[in-house]
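These are my notebook entries on the structure shown below. I took the ligand surroundings to begin with, then the aromatic rings, then a single residue elsewhere in the chain.

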Amino acid sequence: MKVGIAGIGRMGAAIAERLLRHGHAVTVWNRTPAKAQALVQHGAAVAATPAQLAASADIILSILTDAQAIAAAYDGPGGLLSGDVKGKLFVEMSTVRPETQRELDQRVRAKGARMIDCPVGGTTGPAREGKLLGLAGGDASDLARARPLLEQLCRRIEHVGPVGAGESVKLAINLPLLVYWQALGEAYALCQPLGLDPARVIDIFADSSGGPNALKVRGTMVAEALGGKVPGNVTFNIDSIRKDLATMIEEGAALGYELPVTSRALECYDVASKAGMGDGDAVMLPVSWLKKKGR
Ligand SMILES: NC(=O)c1ccc[n+]([C@@H]2O[C@H](COP(=O)([O-])OP(=O)(O)OC[C@H]3O[C@@H](n4cnc5c(N)ncnc54)[C@H](OP(=O)(O)O)[C@@H]3O)[C@@H](O)[C@H]2O)c1
């Protein structure tokens, strides 16, 4: 299958590597060309523009920062939708508001093409191993077309409704996790005076109801961060999390809900970002909170 991928950031690169390993003909495009070029050694072809990418593929995945990035990649001269895309299938995987995907769907349909949204749970490691959680929104027949490809990326695919529905569930599952990193910093503050080894404390958390699944997977990294080691391998950074939390708050407001815990958590992530940790991994958030003592 000829596959195009728009957006070779952390996730896009991991997804591209996975699909190349499975023998697909993959063409990639990225706003900053060097990141796309880095995939040539894995067998990818590079498109000079989003329009060229769309022309080269039957199915086009995109995984970009936010709604502005989606507009920049899809619309306008040279955009993914600027050429003849009749009959092509777009799989939009960015984490954005459902409304962003519903509006994109209108523009895609107007060009005679189809789309589903399929944001994913899991980060770059699961993407490389084909262990993401795919949350799909769209027509069943469009998902059926994308499914063989998505099955190589995901351990589980849930079809949760029409276009945009995947995003509703994605924002929902990310909410408790992102709030958790702040809760962990606050919880750790209560036992910090004991002077215990961070690895031991995190192990106790992970073995109790005080630890979510993420702690079982990333506990070592959290403990190392609490012990003073800044993680070099950033998979999901603090500024991306701020974008997700702001998106959740906007979505909640549009639905008539206040999200007070989420709003407060965002303020705490803002503190970390202002302290220069915006590019740091999520596990630095508890560290940021502990540094705030007495301030
Ligand atoms: N990292 C994770 O663990 C994870 C997990 C699940 C979902 N997600 C979601 O997946 C999406 C991508 O995340 P990521 O971690 O891969 O982010 P990333 O490494 O920051 O990559 C972002 C991508 O978006 C592109 N982009 C940003 N603004 C653009 C614009 N105006 N025009 C064109 N392209 C633009 C970037 O291009 P440049 O390289 O030119 O900047 C890059 O390709 C986000 O929506 C994120 O919330 C991330």
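Entry on the ligand shell. I looked up which residues surround the ligand in this predicted model, and of the 24 residues around the ligand, those that come nearest are N30, T32, K35, T123 and T235. I then asked where the ligand sits, and found that the largest pocket holds the ligand. Helping to form the shell around the ligand are α1 (10–21), α4 and α11 (238–254), which are the elements that give two or more residues to that shell.

Entry on ligand oxygens and backbone. I went through the polar backbone atoms that face ligand oxygen, and noted that a polar backbone atom of I8 is 3.3 Å from an oxygen atom of the ligand. For T65 I recorded 3.1 Å between a polar backbone atom and a ligand oxygen, and for T95 the corresponding distance is 3.0 Å. I next looked up how much of the ligand surface the protein covers: the ligand taken alone exposes 910 Å², and the protein buries 88% of that area.

Entry on aromatic pairs. How many aromatic pairs does a search of the whole structure find? I noted 2 aromatic pairs. One of them joins Y74 and F90 in a tilted arrangement, with 5.6 Å centre to centre and 55° between the planes. I checked where these two residues lie, and the pair links distant parts of the chain, since Y74 is in helix α4 (residues 67–74) and F90 is in strand β5 (residues 89–92), 16 residues apart. Are Y74 and F90 buried or exposed? I entered Y74 as buried because its relative accessibility is 0%, and F90 is likewise buried, because its relative accessible area is 0%.

For Y180 and W181 I found an edge-to-face pair, 5.9 Å centre to centre and with 65° between the planes. On accessibility, I noted that Y180 has a relative value of 13% and therefore counts as buried, the cut-off for buried being under 20%. W181 also counts as buried, at 2% relative accessibility.

Entry on D203. I looked up the place of D203 and found this residue in helix α9 (residues 198–206). D203 has a relative accessible area of 52%, so I wrote it down as exposed, the category that begins over 50%. I finally followed D203 to A223, which is 20 residues apart from D203 in sequence and, from C-alpha to C-alpha, 8.6 Å apart in space.

Notes
Residues numbered from 1 in each chain as written. Predicted model: local features only at pLDDT ≥ 70, side-chain atom pairs only at ≥ 80, totals over all residues. Heavy atoms only, no water. Phe/Tyr/Trp six-rings, centres within 6.5 Å; stacked < 30°, edge-to-face > 60°. Helix = DSSP H or I, 4+ residues; strand = E, 2+ residues; numbered from the N terminus. Buried < 20%, exposed > 50% of the residue type's maximum accessible area, 1.4 Å probe, protein only. Near = heavy atom within 4 Å. Polar contact = N/O pair within 3.5 Å; in protein donor to acceptor, adjacent residues only side chain to side chain. Areas by Shrake-Rupley, 256 points an atom, 1.4 Å probe, with all protein chains shown as cover. 1 Å grid on protein atoms, 1.4 Å probe; cavity = no way out; pocket = protein on both sides within 12 Å on 5 of 7 lines; lining within 4 Å. Sits in = over half its atoms within 2 Å of the grid points.
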